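I have a fresh page open and a structure to get to know. These are my notes, kept in the order in which I looked things up.

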Amino acid sequence: MDDRTFRNAMGKFATGVTVITTDHGGESHGMTANAFMSVSLNPRLVVVSIGEKARMLEKIRESGKFAVNILSEQQQEVSMLFAGQLKEKREADLDTVQGVPVVKDALANVVCKVYGTQIVGDHTLFIGEVEDIVLRDGKPLTFYEGKYGKLAETQLI
Ligand code: FAD
Ligand code: NAD
């Protein structure tokens, strides 16, 4: 099996899209991530998985805090900005919650302090204890088979 087969298989798992944000020495840094899940209710824990080459890795290690921003269907460009997929540099539309930068107009800003870390292969799992949450109405941006998408208008449930 080659890496492409692995990625194609993982791409069959439809996800939302988040931007992980942190403050590092007074500067905000963001990174698009879909490797995110809710882990525990008591205590309230989430996990994100960050690649070993990502600049975000050391920034979270040093700040000890991060936010998970769940993007809306209007925010594909925000995802592309923080994945380095836009040709031009842009100003990011950020706010601050509990001293942590967050993405404006995201469906949720989940502010965390680092509860634990685990290096697994070429990624590091950051377990975050949730300290604050801001919620907004809207629909999610999705990622499936390596492509962005939106939820269908009608659902047969
Ligand atoms: P950089 O590459 O330096 O930063 C990312 C981009 O954000 C750069 O273009 C930078 O200019 C811009 N940026 C950062 N901060 C700001 C700011 N304050 N203002 C304006 N622009 C800013 N990688 C993972 O490790 N885990 C994942 O779960 C994951 N999921 C992904 C899901 C999707 C849908 C996509 C498209 C990519 C995913 N990636 C994931 C890849 C990851 O987003 C990229 O490799 C990313 O470029 C790595 O970020 P970095 O920390 O190295 O920083
Ligand atoms: P893709 O076909 O590479 O991604 C499909 C799926 O494969 C992703 O949803 C993810 O589950 C998995 N995947 C991809 N790269 C991975 C990696 N390095 N480690 C672990 N799992 C990985 O989609 P794409 O549009 O080519 O992705 C754009 C860029 O973002 C690529 O460089 C890709 O490597 C990166 N990405 C990284 C991760 C991650 O590190 N967890 C997740 C998604 C995308």
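**Entry 1: the second ligand**

I began at His123, where a polar side-chain atom lies 2.6 Å from an oxygen atom of ligand 2. I should say right away that this is a predicted model. Next I looked up Arg4, and an N or O atom in its side chain is 2.6 Å from an oxygen atom of ligand 2. Gly146 takes part through its backbone, with an N or O atom 3.4 Å from an oxygen atom of ligand 2. I then checked how covered this ligand is: alone, ligand 2 exposes 660 Å², and the protein buries 58% of that. I listed its surroundings too, and they are Arg4, Arg7, Met10, Gly11, Asn34, His123, Phe143 and Gly146.

**Entry 2: the first ligand**

I turned to ligand 1 and asked myself which residues come nearest to it. Of the 25 residues around it, they are Thr32, Ser49, Gly51, Arg55 and Met56. I looked at the polar contacts one by one. Gly51 has a polar backbone atom 2.8 Å from an oxygen atom of ligand 1. The side chain of His29 places an N or O atom 3.0 Å from an oxygen atom of the ligand. At Gly30 I found a backbone N or O atom 3.1 Å from a nitrogen atom of ligand 1. Taken alone, ligand 1 exposes 980 Å², of which the protein buries 77%.

I wanted to know where the shell comes from. The elements that give two or more residues to it are β3 (27–33), β5 (45–51) and α3 (76–82). With six residues, β3 gives the most. I also sorted the shell by kind, and I have 12 nonpolar residues, 10 polar and three charged.

**Entry 3: following the strands**

I followed the strand pairs next. β5, already noted for ligand 1, pairs with β10 (residues 123–135) in the antiparallel sense over seven bridges. In that pair, Val48 stands opposite Phe126 of β10. Phe126 turned up again when I moved on, since it is also the bridge partner of Thr117. I counted on the next pair being easy to trace, and it was: β9 and β10 run antiparallel and are joined by 12 bridges. Their hairpin has two residues between the strands, and there Gly121 takes a positive phi near 60°.

From β9 (residues 108–120) I went to β6, and six bridges join these antiparallel strands. Phe66 stands opposite Cys112 of β9. On from β6 (residues 65–70), I reached β2 (residues 18–24), which pairs with it in the antiparallel sense over four bridges. Here Ile20 has Val68 of β6 as its bridge partner.

**Entry 4: a three-strand sheet**

I found an open sheet of three strands in the order β1-β11-β12, with antiparallel pairing. Which strands stand at its edges? They are β1 (15–16) and β12; each has a single partner strand, so one side of each is left without a neighbour in the sheet. β11 and β12 are joined by four bridges, and Tyr144 stands opposite Lys147 of β12.

**Entry 5: unusual backbone spots**

I reminded myself that most residues other than glycine have a negative phi, and most peptide bonds are trans. With that in mind, I looked for exceptions. The peptide bond from Asn42 to Pro43 is cis, with omega near 5°. Pro43 sits in the loop between β4 (36–40) and β5.

Gln98 is not a glycine, yet its phi is positive at about 55°. I placed Gln98 in the loop between β7 (94–97) and β8 (100–103). Is Gln98 buried or partly exposed? Its relative accessible area is 47%, so Gln98 is partly exposed.

Glu145 is another non-glycine with a positive phi, of about 50°. I found Glu145 in the loop between β11 (141–144) and β12 (147–150). Glu145 counts as partly exposed, at 38% relative accessibility.

**Entry 6: the record**

Last, I opened the UniProt record. Its unreviewed entry lists residues 10–150 as "domain: Flavin reductase like". I computed the make-up of that stretch: the chain there is 11% helix and 54% strand. The end C-alpha atoms of residues 10–150 are 19 Å apart.

Conventions: Residues are numbered from 1 along each chain as its sequence is written. Chains are lettered from A and ligands numbered from 1 in the order in which they are written. This is a predicted model: local features need pLDDT of at least 70, side-chain atom pairs count only at pLDDT 80 or more; totals for chains, interfaces and linings use all residues. Side-chain values use heavy atoms; hydrogens and water are left out. A residue is near a molecule or strand if one of its heavy atoms lies within 4 Å of it. A polar contact is a pair of N or O atoms within 3.5 Å; within protein, one must be able to donate a hydrogen and the other to accept it, and residues adjacent in sequence count only if both atoms are side-chain atoms. Accessible areas come from the Shrake-Rupley method with a 1.4 Å probe; for residues, only the protein chains shown count as cover. Ala, Val, Leu, Ile, Met, Phe, Trp, Tyr, Cys and Pro count as nonpolar, Asp, Glu, Lys and Arg as charged, and the others, Gly among them, as polar. Two strands pair if DSSP finds at least two bridges between them. UniProt positions are given in the numbering used here, feature names are shortened, and annotations may be inferred rather than shown by experiment. Buried means under 20% relative accessible area, exposed over 50%, partly exposed in between (1.4 Å probe, protein chains only).
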